[in-house]
Amino acid sequence: MILTRCVFEQAKMRAKRQSRFSASEAPIVRSWMRLIMISGFILCTLPAATASNNETGETEDTLLATAEQLPLFVDKLPRMPRIKGYASRNGSFVPANLTIGMYMKLWKFHRDLPPSKVFAFGESAIKATVPGPSIVAMSGVKTYVRWENHLPEKHMFTIDETLQVAKPARGVPTVVHLHGGVTEPHSDGNALAWFTRNFEEKGPKWTHDVYVYQNADTTSNMWYHDHAMGYTRLNLLAGLVGPYKVVNPELEREFGLPRKKFDRELMVMDKSFTKDGQIYINSTGNNPNIHPEWQPEYFGNVIIVNGKAWPYMNVQRRKYRFRIINSSNARFFRFALDDGSSFTQIGSDSFYLEGPVELKSNLLAPSEIMDVVIDFSKMKNSTVILTNDAPYPFPDGDEPGETDGKVMQFVIKDGNVSDKASVPAQLRPVRRLSEDEAVLSRNIVLYEFDSPSGEPTHLTINFVNFSAAVTELPKIGTTELWHIINLTPDNHPFHVHLAGFQVLRQQKIKDVDELSACAVLHKGIEACDLKKHIDADALSPPRNEAGWKNVFKMQPFYITSILVHFAMTDSNPFPFDPTGEPGYAYHCHILDHEDNIMMRPYMLVK
Ligand SMILES: [Cu+2]
């Protein structure tokens, strides 16, 4: 019995791992794995580093059992506290000065789960929530935030000191990045601008305790989260996330979209919990001799929306607007409604689409945002479930099951209501960037390094780490053509700070083995006759991702070409000098990848 189960577990792990190997290594790995299956009995007696945690005694099975014991849809969807990022004086809007702290506290994620230790954002320890308060800023009015760190001396999770990581003598380093923000360099939350409790220790790029947010975009869906070097995956799992939006009442009144209580943010993320209700992350790495703690991707089996596990929301038979943010570490969600109803997407990431797009399902990578309208008046049933069927890791991992395949439930109240909200046929015009206006093209290579046993050890951009000299120095006001060449078997959500971009096309890489071998040999792609390796057929981005983006899903073994615009989307200059220190970053938004070391700095020049 034990033997059967052990072999089964190995097969499961093997399937997961095999999806991770680069094509060039696959044959070697396959024969190596065959050897494992034959010697399965011997291996079963060895500690399974990826399956259990030597500190808590939890295994994949105990974690799943804890998740499966929690009844779905028993907690009401919470509303995060709202904080206005502006004030009114003499009939006009003026900037607000906010103070938002990070606190350790206890949080109930589910009716039947004991309180969990979390890190939470809030105006005080008592007011702090997971996710943090919903900041509502006014278009064209600045918001000042003093982010304060009140976290304890020791982190709640194990820190992997072998990564390129912030190393304060004590305390939890944090720094806040506004994702999607058009923000001055010193307020952008550079990974090395971290600080610990009461600013006792600061990272080498720290300069300011008060951050200024321009809110210069007409409207914007964003979220704020920790970005500290080597800590991001742990600090977000602990709870340091929150929504932020810029509103433009005049424009939005014109649109006639659902407003006020019919306009809700949904922050979705996955977590696992121990039997006693604590957030779980394996403290033993997949290559413990190289990285004692780091694992290539974190997946939890409990789906949390606005700080509750599988909540329900009472809705009327009318239209609602939902700004859905995937704040997971590595989990992609392919959202759908279980009765087959469609929904209407109006925005992607921070930006409105040109026009609405009707969808039956939509795939959202970590950090992506979809702004959608769901019309409950058309539904036949009294309840409808928001579901997820995206494999994890994406795209070749396991299918979600009973628990992680469900997100939340809408309970539809009987009776018709008057609903004046509508979705306009046209939203915001998008000026199409043209390839001709690109002043420069760059090749950006995504590559995964594996140990001899086929386990990922680290992931890089252009074969260098974050601290290597800056190689991307775009000129302000210009457009550049970036070719992102994904030589890994994973889909990477590629995120650029500050600049919006438009996706031109995706083309399959022929002969990945050959191209990878050349790229590894030369530590770059320039010597590899890239054109020869690219399929002529090109995929266009889907309609709901064809406008402005600040994250895009880089398909495995594809080259994705994007036009990055180093100005405001209307081509006006940034309303501040973006050329200063510490510059900006671009990175993969799978947090385990970003932390090890799929992130690069870039600096704008005049
Ligand atoms: Cu990645």
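Let me start in the interior of this predicted model, where the largest nonpolar core holds 147 residues, and where V268, V305, I324, I484 and I562 are the ones that touch the most other members. If we pick out I484 and leave aside its neighbours within four places in sequence, we find this residue in contact with I444, L446, F494, M554, I559, T560 and I562. As general background, nonpolar side chains in soluble globular proteins tend to be buried together.

Now let me step back to the whole chain, which has eight helices and 33 strands. How compact is the protein chain for its length? Its radius of gyration is 23 Å, and the globule rule gives 25 Å for 606 residues, a value close to it, so the chain is as compact as a globular protein of that length. Along its principal axes, the C-alpha trace spans about 75 × 55 × 50 Å, and buried residues make up 49% of the 606 residues. If we consider the contacts between residues at least 6 apart in sequence, 79% of them join residues that are at least 24 apart.

Next, the domains: the assignment gives domain 1 as 2–46, domain 2 as 82–242, domain 3 as 260–416 and domain 4 as 435–602. The centres of domain 2 and domain 3, taken over C-alpha atoms, are separated by 22 Å, and the contact between these two takes 31 residues from domain 2 and 33 residues from domain 3. Which elements give two or more residues to the side of domain 2 that touches domain 3? They are β4 (116–122), β9 (220–226) and α5 (232–238), and of these β9 gives the most, with five residues. By residue type, that side of domain 2 divides into 15 nonpolar, 12 polar and four charged.

The UniProt record, an unreviewed entry, carries the annotation "domain: Plastocyanin-like" for residues 308–378 and 468–602. In the model, residues 308–378 are 0% helix and 66% strand, with their end C-alpha atoms 27 Å apart, while residues 468–602 are 11% helix and 37% strand, with their end C-alpha atoms 11 Å apart.

Finally, let us look at a single residue, E254, which is found in helix α6 (residues 249–255). Is E254 buried or exposed? E254 counts as exposed because it has 10 other C-beta atoms within 10 Å, where the cut-off for exposed is 12 or fewer. Although E254 and P424 are 170 residues apart in sequence, they are 9.0 Å apart in space, C-alpha to C-alpha.

Technical notes. Residues numbered from 1 in each chain as written. Predicted model: local features only at pLDDT ≥ 70, side-chain atom pairs only at ≥ 80, totals over all residues. UniProt positions renumbered as here; feature names shortened; annotations may be inferred. Helix = DSSP H or I, 4+ residues; strand = E, 2+ residues; numbered from the N terminus. Buried ≥ 20, exposed ≤ 12 C-beta atoms within 10 Å, placed from the backbone. Domains from an automatic or database assignment. Contact = placed C-beta atoms within 7 Å. Nonpolar A, V, L, I, M, F, W, Y, C, P; charged D, E, K, R; others polar. Core = buried A, V, L, I, M, F, W, Y, C linked by C-beta atoms within 7 Å. Rg over C-alpha atoms; globule rule 2.2 N^0.38 Å.
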